[in-house]
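Let's walk through this protein together, from a single helix out to the whole chain and back to a few unusual spots. Have the viewer open and follow along.

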Amino acid sequence: MPRIVDLIIENATILTMDAALTIIENGLICIDGDTIVHVGPGSKSAPEFQASKTIDAKNGLVLPGLINGHTHAAMTLFRGLADDLPLMDWLNHYIFPVESKMDAEFVYHGARLACAEMILSGTTTFCDMYLFENETAKAASQSGMRALVGEVLYDFTSPNYGPIERGFEYTQNLINTWQGHPLISIAVEPHALYTCSPDLMKQANAIAVRNSVPMAIHVAETLSELETIQTRYGKKPFEHMESLGILGPHIIADHCVYLDDSEIERIMNHGVRVITDPESNMKLASGVPRVPDLLDKGIVVGLGTDGCASNNNLDMLSEMDSLAKLHKVHRMDPTVMDAVTVVKCATIEGARALGLSDRIGSIETGKKADLIIVDMNKPHLTPMYNPYSHLVYAANGADVSHSLINGNLVMENRRLLTMDLAEIMASACEQAEQVKKWTRNR
């Protein structure tokens, strides 16, 4: 008697992203509930399974859902608001002022728009740092996305929680509220060393350690940040964190553009995980991080887009292309950041960076069914000699046809199943009218 499962995907070229980087031609994936129960070659590899629904991948690529390791989801509503500016000018004179006027509803609508954009371009998991993050968690949960979210903490008054003491309370409430949720996890997220005092950093770290959750922070993003930290504390950024006793494998360090050898050694020795954001770093002219050197040291590096005000999209396939090409031209070496390495950064290494690799990041029996299908029946994807090459250098987000998250089909044949796209876009346009008023009155 065959076992009835919820879903079978057949006629697929499967990039498993497992330890052996197994590629299965004419592959078959069986999913029951939220879990992958079989992966193998050919439709006859699992005669003991029958499904209530079967998807014909039509020789498309099936791979783990892409993992956006660092973003600010609700900043979709600031896309194109302030471009072509240095980071500190952009932050202090444009972004922080409009953010001070936001409310929970604004963040909710911006996060919903981000979730729609990410699902449509192949992202199934994202790590978010922003304000009113309970609204981002709600938006992600309702859309069916997996997310690691945290409320941004800094020394000045927040438009959400007010003084920092209440920010710590808000963070703890987030942890308590979403504990055990199948899709939503919480991180503690101080903004940066230049906006967070040593006492804030220590208290934030204590919350993370006490609750066994990650702590994510922007680190070493710009030269001006390095100068600020050196002037204030007489130390380099990771040296400063080490002196505070807060470095460890629970730290997710975003950007890490300016690192010397001693800082890389600190990252390696403490098991810190890194997220690189090439398009944002290029657009803000922040610099080029030493990603190949980090990888050579065995440091876990995931990939992120950053927010839509500094990118200006959430397309991880585009981000992979940028990650590869930026380092090739910077090193004047076409062999660095090869396509396989880049796809790993967006899948299994991204999962490791967020502490989720036991559940997602590869297509293996027993893991959660977070995967996407890329339609290869396109002129710009024909012919195909190397699937990794096509994903990094030829494909884009619009080529993703199906998306499953936690076993649930959230997009089928480019149609969102968990969200009303027209309503989400209309709501975003309504919120944009508020942004226009805020900037006119700035």
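Which residues of α11 are buried? They are Met316, Leu317, Glu319, Met320, Asp321, Ser322, Leu323, Ala324, Leu326, His327 and Lys328. Buried here means under 20% relative accessible area, exposed means over 50%, and partly exposed is in between (1.4 Å probe, protein chains only). Before going further, please keep in mind that this is a predicted model, in which local features need pLDDT of at least 70 and side-chain atom pairs count only at pLDDT 80 or more, while totals for chains, interfaces and linings use all residues. Residues are numbered from 1 along each chain as its sequence is written, and side-chain values use heavy atoms, with hydrogens and water left out.

Helix α11 covers residues 316-331. Helices (H or I, at least four residues) and strands (E, at least two) are DSSP runs, numbered from the N terminus. The expected span of a helix is 1.5 Å times one less than its number of residues. For the 16 residues of α11 that gives 22 Å, and the end C-alpha atoms are 23 Å apart, which agrees. At the N-terminal end of α11, Asp315 acts as a cap, with a side-chain oxygen 3.0 Å from the backbone nitrogen of Leu317. A polar contact of this kind is a pair of N or O atoms within 3.5 Å; within protein, one must be able to donate a hydrogen and the other to accept it, and residues adjacent in sequence count only if both atoms are side-chain atoms. Just after α11, Met332 takes a positive phi of about 55 degrees.

Now pick out His327, which lies in α11. His327 counts as buried because its relative accessibility is 1%. Contact means heavy atoms within 4.5 Å. Leaving aside neighbours within four places in sequence, His327 is in contact with Val288, Pro289, Val291, Pro292, Val336 and Met337.

Thr276 makes a good companion to look at next. Thr276 sits in strand β15 (residues 273-276), and at 1% relative accessibility Thr276 also counts as buried. Not counting residues up to four places away in sequence, Thr276 touches Pro289, Val291, Val301, Gly302, Leu303, Gly304 and Leu323. Pro289 and Val291 thus appear among the contacts of Thr276 and among those of His327.

Let's move towards the start of the chain, to strands β3 (residues 23-32) and β4, which run antiparallel and are joined by six bridges. Two strands pair if DSSP finds at least two bridges between them. Asp32 stands opposite Thr35 in β4. Two residues lie between the strands of this hairpin, and Gly33 takes a positive phi near 65 degrees. Is β4 enclosed or open? Five of the seven residues of β4 (residues 35-41) are buried, so β4 is largely enclosed by the rest of the structure.

Time to step back. The protein chain has 15 helices and 20 strands. Its radius of gyration is 21 Å, close to the 22 Å that the globule rule gives for 442 residues, so the chain is as compact as a globular protein of that length. That radius is taken over C-alpha atoms, and the globule rule is 2.2 Å times the number of residues to the power 0.38. Of the 442 residues, 60% count as buried. Among contacts between residues at least 6 apart in sequence, 72% join residues at least 24 apart.

Finally, some backbone oddities. Most residues other than glycine have a negative phi, and most peptide bonds are trans. Leu21, in the loop between β2 (7-15) and β3, has a positive phi of about 50 degrees although it is not a glycine. Leu21 is partly exposed, with a relative accessible area of 27%. Asn59, in the loop between β6 (54-56) and β7 (61-64), has a positive phi of about 65 degrees, and Asn59 is exposed, with a relative accessible area of 54%. A cis peptide bond joins Asn311 and Asn312, with omega about 20 degrees; Asn312 is found in the loop between β16 (301-303) and α11. The peptide bond from Thr382 to Pro383 is cis too, with omega near -10 degrees, and Pro383 lies in the loop between β17 (371-374) and α14 (387-393).
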